[in-house]
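This report walks through a single protein chain for a reader who has the sequence and the coordinates at hand. Please keep both open while reading, since the sections move from one end of the chain to its interior and then to its loops.

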Amino acid sequence: MSTHRLLPSLPRIKVPIGRRPQRLKTPFMQNPRGHMEVLRKLVNRMFREERCEFKYNRAEECRQYVERLIQLGVYRGPDCEYTAEMFRWWFIEQDLIDKMWSIVVPRFAHYPIDESYTDVYRLPTIRLKSRVNKETVFWSRYSIAVLELKENPFPPMAEMEQMRMSRSFYFSFLFKSIKCSLFLFFQVTYKNLKFQVWDLGGQTSIRPYWRCYYSNTDAIIYVVDSADRDRIGISKQELVSMLEEEELKNSILMVLANKQDIHGCLSLAEVHKALGLEAIRNRTFQIFKTSATKGDGLDEAMEWLAGSLQSTK
C-alpha cells in the first residue's frame, strides 16, 4: 500500500500538531536531514526509556512521531510493508523493533481510538548559571518537559499526587508543579539504624530543587557514573556547589563510584581525583567503588556510613 493511501486510513493522532517544525539544531548537519536525525534519536530514547526529560519544544514534536509509530504497529501490524520500512528507519537498534512488537504494540492494542498513547508534563521554567570563563557568568532560561508512554513501569502520577498531599505546602507546590516522579522518598533499616532517604534525580532541570531537601540532612550519598567520562566534570561542579551550602556543613559525605563493572570505567583513584576530594577539609567523607546491578561494594559502604553516623551522635 502506498503512503498516500495508507495515512488517510489511520486515525488522526490525539495530540496537538504544530504548524511548523521546531528548531532542533544539531552540529555538522543541515536541515531537513539534521532535523530528522535529531528526531530519530529522541524517538529511540523515548521507546527505550519510556519516560524522558527533553526541552519542551523537542518533547512536543517527538510526541507526534511516537504516537504515529505506535499507531502503525497497532492498526497495520507486522505484515504491513510500509510499517516495517518505517520501523527499520526510525529504530536505530534492532532490539527496539522487537520491543515494539512484543511489548509496546500489545500494550496499546485495545486502547480507545480517541485516546493518546503518551502524556507530556511541562516543568517550571528555570534559570541556570552558565560560565564562559572565570570572569564571565550569564544565566540561561530553560523550558523543560517530561514525555512518557502511558502504562510505563515507573511509579504512576496518581501515587505522586498522593505523596504530594501528605507533605507540607511548599512540597505540595513543588510536586504539583513538577508532576513527575523525579523525587522518591523511602526508608531503609540497616544495623538497627533507620534511614529516611530522599532519592533526588540528577537531571539538569531539577538540580535547583535539591536545596529544598538540605535541612536536617545527616549524610549525603553522592552517586557518580564511573563510566561517563564526559560528564565527570559536571559531577564535580555540582558536588562542590552542594558542599558550600550552610545547611550541609556538618553532613557526612559518602561517594559511590558506581558502574565499576563496566569495562573502561574510571578507577576509584581517578574518580577521587576528578571530583577533587583531596581538597575537602573539616568533613567526614569516604569514597567506595560499587556496582548497583551486582551489589558489589554496597555492604561495605553502608557499614561505613552506619558507623560514621553512630560515632557523631
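## The last-numbered helix

S308 is found in helix α10, in what is a predicted model. With a relative accessibility of 8%, S308 counts as buried, and when residues up to four places away in sequence are left out, S308 touches I252 and T284.

Helix α10 itself covers residues 298-312, which makes 15 residues, and from its first C-alpha to its last it reaches 21 Å, close to the 21 Å expected at 1.5 Å a residue. Besides S308, the buried residues of α10 are A301, M302, W304, L305, A306 and L309.

## The chain as a whole

Ten helices and ten strands make up the secondary structure counted in the protein chain. The chain has 313 residues, of which 41% count as buried. Among contacts with a separation of 6 or more, 66% are between residues 24 or more positions apart.

## Two nonpolar cores

In soluble globular proteins, nonpolar side chains tend to be buried together. In this model the largest nonpolar core has 30 residues, and the members with the most contacts inside it are F47, I70 and F91. The elements that give two or more residues to this core are the helices α2 (33-49), α3 (56-76), α4 (81-90) and α5 (94-108), together with the strands β1 (51-55) and β5 (144-149). Apart from it lies another core, of 19 residues, which includes Y214, I220, L248 and A257.

Which residues does F91 contact, leaving aside its neighbours within four places in sequence? The partners of F91 are V43, N44, F47, L69, L96, I97 and M100, and F47 appears again here as one of the residues with the most contacts inside the largest core.

## How α3 meets α5

Two packed helices are described by the angle between their axes and the distance between the axes. For α3 and α5, the axes come within 9 Å and cross at roughly 90°; an angle from 65 to 115 degrees counts as roughly perpendicular, and α3 and α5 are therefore roughly perpendicular to each other. On the α3 side the contact is made by L69, I70, G73 and V74, and on the α5 side by M100, W101, V104, V105 and F108.

Helix α3 has 21 residues and reaches 30 Å from its first C-alpha to its last, close to the 30 Å expected at 1.5 Å a residue. Just after α3, G77 takes a positive phi of about 75°.

## Buried positions in α2 and α4

L42 lies in helix α2 and, at 9% relative accessibility, counts as buried. Leaving aside neighbours within four places in sequence, L42 is in contact with F54, R58 and C62. One of these partners, R58, is 16 residues from L42 in sequence, and the two C-alpha atoms are 8.0 Å apart in space.

Helix α4 holds Y82, a residue that counts as buried at 14% relative accessibility. Y82 and L72 are ten residues apart along the chain, and their C-alpha atoms are separated by 8.8 Å.

## Cysteines

How many disulfides does the model contain? The count comes to zero, where a disulfide would require two cysteine sulfur atoms within 2.5 Å. For C62, the closest cysteine sulfur is that of C52, and because the two are 7.7 Å apart they are too far for a bond.

C62, which is also a contact partner of L42, counts as buried at 0% relative accessibility. C80 is buried as well, with a relative accessible area of 15%.

## Loop residues with positive phi

Two residues other than glycine deserve a separate look for their backbone angles. E151 has a positive phi of about 60° although it is not a glycine, and its place is in the loop between β5 and α6 (157-165). At 52% relative accessibility, E151 counts as exposed.

N282, likewise not a glycine, has a positive phi near 55°. N282 sits in the loop between α9 (268-274) and β10 (285-289) and, at 79% relative accessibility, counts as exposed.

Methods. Residues numbered from 1 in each chain as written. Predicted model: local features only at pLDDT ≥ 70, side-chain atom pairs only at ≥ 80, totals over all residues. Heavy atoms only, no water. Helix = DSSP H or I, 4+ residues; strand = E, 2+ residues; numbered from the N terminus. Expected span 1.5 Å × (residues − 1). Buried < 20%, exposed > 50% of the residue type's maximum accessible area, 1.4 Å probe, protein only. Core = buried A, V, L, I, M, F, W, Y, C linked by side-chain atoms within 4.5 Å. Contact = heavy atoms within 4.5 Å. Axes fitted to C-alpha atoms, helices over the stretch in contact; angles between N-to-C directions. Parallel < 35°, antiparallel > 145°, perpendicular 65-115°, else oblique.
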